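Hi,

Here is the structure I promised to pass on to you. Have a look at it first, and then read on for what turned up in it.

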Amino acid sequence: MKDELVKAIKEALDTGKASAAVILTEKDGELMPRIITDAKDSALDSIYTGDRRYPMASFAMMLVPVIEGNLALPVRECDRRMLVELKKHNQVDTDRLVLLGIPCSQEVADACGCDHPFTANGISVSPATAKPAEPSPPPETVSEDSEERLAFWMDAFSRCTKCMGCRNVCPMCFCNDCALDNLDYVSVDSKPPDIPIFHLIRAIDMSDRCVDCGMCEAICPAEIPLRQLYRQARAIVKEAYGYEPGISDEKSPIEMLGEPAELAGMQEGSRTE
Amino acid sequence: MEETLEKTDKTKPPSEEDVRILAFLCNWCSYAGADLAGVSRLQYPPNVVDIRVMCTGTISPYFILKAFQEGIDGVLIAGCHIGDCHYGKGNYMTAKRFRVIKDLLVGMGIDPRRLRLEWVSAAEGQKFQEVITTFTEQVKAAGKSPLTKARDKK
């Protein structure tokens, strides 16, 4: 895997398909992203191709506008899906990206509970072998009783330290003007932050953007089940509009202004007690 | 004079124990409908505070979250009937978003009776009265917002 990726990066840089590449290197157990422009760069020797993940799509957003030529970017399938979403929101010019697909190992797929470890699409640097992980059973914490649900979520949210890790790690959280920084919604002086609005603002935005990569939950120091929250939000959009983020170039039905829609049941919502 | 006093008594402002409802009314239909209910002297519960918006399509889901965060017990959104939107298709957008925000809040454990979307035209003073009356009863049945309690505990 490592050799194939290095070879692909070198080839992209040598042939001029890309003028720069982002690689991950490991130093003292910490992942460090590096930008290289030369195929002979010694950083390529210490390239990291292990199981840990990094929000690579963020680099595409940051670097594509400031470099000349194309950017070679090693991506997992979740990164690729994020790029599909970011393109829809005009955040990145995907034509200027040279994607080098890294197939996830079965261990990573299982650890992530991933239902799409790799769909090759002709970008993979080595053959994908992982199968989709077994769909996880609905967590026991989803109670039928609304009071128990509220108690569960409020308890989880009250552990929040407002580190903003979930927002900062998420490439889909790209707004320049973030509602979580807006003092009208979230005040500065409380810890935990104003709950549940702090978490629900992100949940409502993730409902038609989240590609279920799970990095928010992995990074959360308070172990809030964020992925479960966003999965719930995604499930609503999928059930109501049949839309799933990251799959195709089709735009989100919620963000399109005024497209007529099947309105049956919308006033009531689908969930009732 | 006595008559006036009696009337004032009936419409006294809601006390702290009463439910508080926030209504977003669209400028072109529902606000005019509320106005018509007013000039027609139709009585409805005084628990509602309304906010006039130019179109229900301008209502961000964040506004609804903020209302519940501040301890509001019920949120009503009222706009033009489908097809009558002053801006063409703003209310389609409201309907689509409303379903997501409502299901999300219900999934969090908020009572579905606390949220309602209604189409009220400028000519429907009577309907406005009915909507406010039934919605207030709904919210009263659901009780005070559990978020207020949960937050006070915190």
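A:Gly242 sits just after helix α9(A) and takes a positive phi of about 65 degrees. Keep in mind as you read that this is a predicted model.

The helix before that glycine is worth a look as well. α9(A) covers residues 226-241, which makes 16 residues. From its first C-alpha to its last, α9(A) reaches 23 Å, close to the 22 Å expected at 1.5 Å a residue. Which of its residues are buried? The list for α9(A) is A:Leu226, A:Arg227, A:Leu229, A:Tyr230, A:Arg231, A:Ala233, A:Arg234, A:Ile236, A:Val237 and A:Ala240. Notice that A:Arg227, A:Arg231 and A:Arg234 are on that list. And what covers them? For the buried residues of α9(A), the cover includes α6 (165-169), α7 (197-206) and α8 (215-219) of chain A, together with α4 (90-108) of chain B. So chain B has a part in covering this helix of chain A, which you can check by finding α4(B) on your screen.

Now step back to chain A as a whole. Chain A has nine helices and four strands, and from the N terminus on they run α-β-β-α-β-α-β-α-α-α-α-α-α. Of its 273 residues, 37% count as buried. If you take the contacts in chain A with a separation of 6 or more, 63% of them come from residues 24 or more positions apart.

The domain assignment splits chain A into domain 1 (2-112) and domain 2 (146-241). Their C-alpha centres lie 27 Å apart. Where the two domains of chain A meet, 13 residues of domain 1 are in contact with nine residues of domain 2. On the domain 1 side, the elements that give two or more residues are α2 (56-63) and α3 (77-88) of chain A. α3(A) gives the most to that side, with five residues. The residues on the domain 1 side divide into seven nonpolar, three polar and three charged.

Next, the sheet in chain A. What is the order of its strands? This open sheet of four strands goes β2-β1-β3-β4 (chain A), with mixed pairing. β2 and β4 of chain A stand at the edges with a single partner strand each, so one side of each has no neighbour in the sheet. From one strand to the next, the twist averages 35 degrees. β1(A) and β2(A) pair in the antiparallel sense over seven bridges, and A:Thr25 stands opposite A:Met32 in β2(A). Helix α2(A) packs on this sheet and touches β1, β2, β3 and β4 of chain A, with its direction at about 165 degrees to that of β3(A). The buried residues of α2(A) are A:Met56, A:Ala57, A:Ser58, A:Phe59 and A:Ala60. They pack against β1 (20-27), β2 (30-36), β3 (71-75), α3 and β4 (97-101) of chain A.

Chain B has a sheet too. Four strands form an open sheet in the order β2-β1-β3-β4 (chain B), and here the pairing is parallel. The edges are β2 (48-53) and β4 (115-119) of chain B; each has a single partner strand, so one side of each is left without a neighbour in the sheet. On average, neighbouring strands of this sheet are turned by 20 degrees against each other, direction ignored.

Is β1(B) enclosed or open? Six of its six residues are buried, so β1(B) is largely enclosed by the rest of the structure. Both of its faces are covered: B:Ile21, B:Ala23 and B:Leu25 are buried on one side, and B:Leu22, B:Phe24 and B:Cys26 on the other. β1(B) pairs with β2(B) in the parallel sense over six bridges, and B:Leu25 has B:Arg52 in β2(B) as its bridge partner. Five bridges join β1(B) (residues 21-26) to β3(B) (residues 74-79), also running parallel, and B:Phe24 stands opposite B:Ile77 in β3(B).

Two helices go with that sheet. α4(B) lies across β3 and β4 of chain B and runs at about 165 degrees to β4(B). Helix α5(B) (residues 125-142) packs on the sheet, touching β1, β2, β3 and β4 of chain B, and its direction makes about 160 degrees with that of β3(B).

Happy browsing!

Terms used:
Residues are numbered from 1 along each chain as its sequence is written. Chains are lettered from A and ligands numbered from 1 in the order in which they are written. This is a predicted model: local features need pLDDT of at least 70, side-chain atom pairs count only at pLDDT 80 or more; totals for chains, interfaces and linings use all residues. A residue is buried if 20 or more other C-beta atoms lie within 10 Å of its own, exposed if 12 or fewer, and partly exposed in between; C-beta atoms are placed from the backbone. Two residues are in contact if their C-beta atoms, placed from the backbone, lie within 7 Å. The expected span of a helix is 1.5 Å times one less than its number of residues. Domain bounds come from an automatic or database domain assignment. Ala, Val, Leu, Ile, Met, Phe, Trp, Tyr, Cys and Pro count as nonpolar, Asp, Glu, Lys and Arg as charged, and the others, Gly among them, as polar. Two strands pair if DSSP finds at least two bridges between them. Axes are lines fitted to C-alpha atoms, for helices over the stretch in contact, and angles run from 0 to 180 degrees between N-to-C directions.
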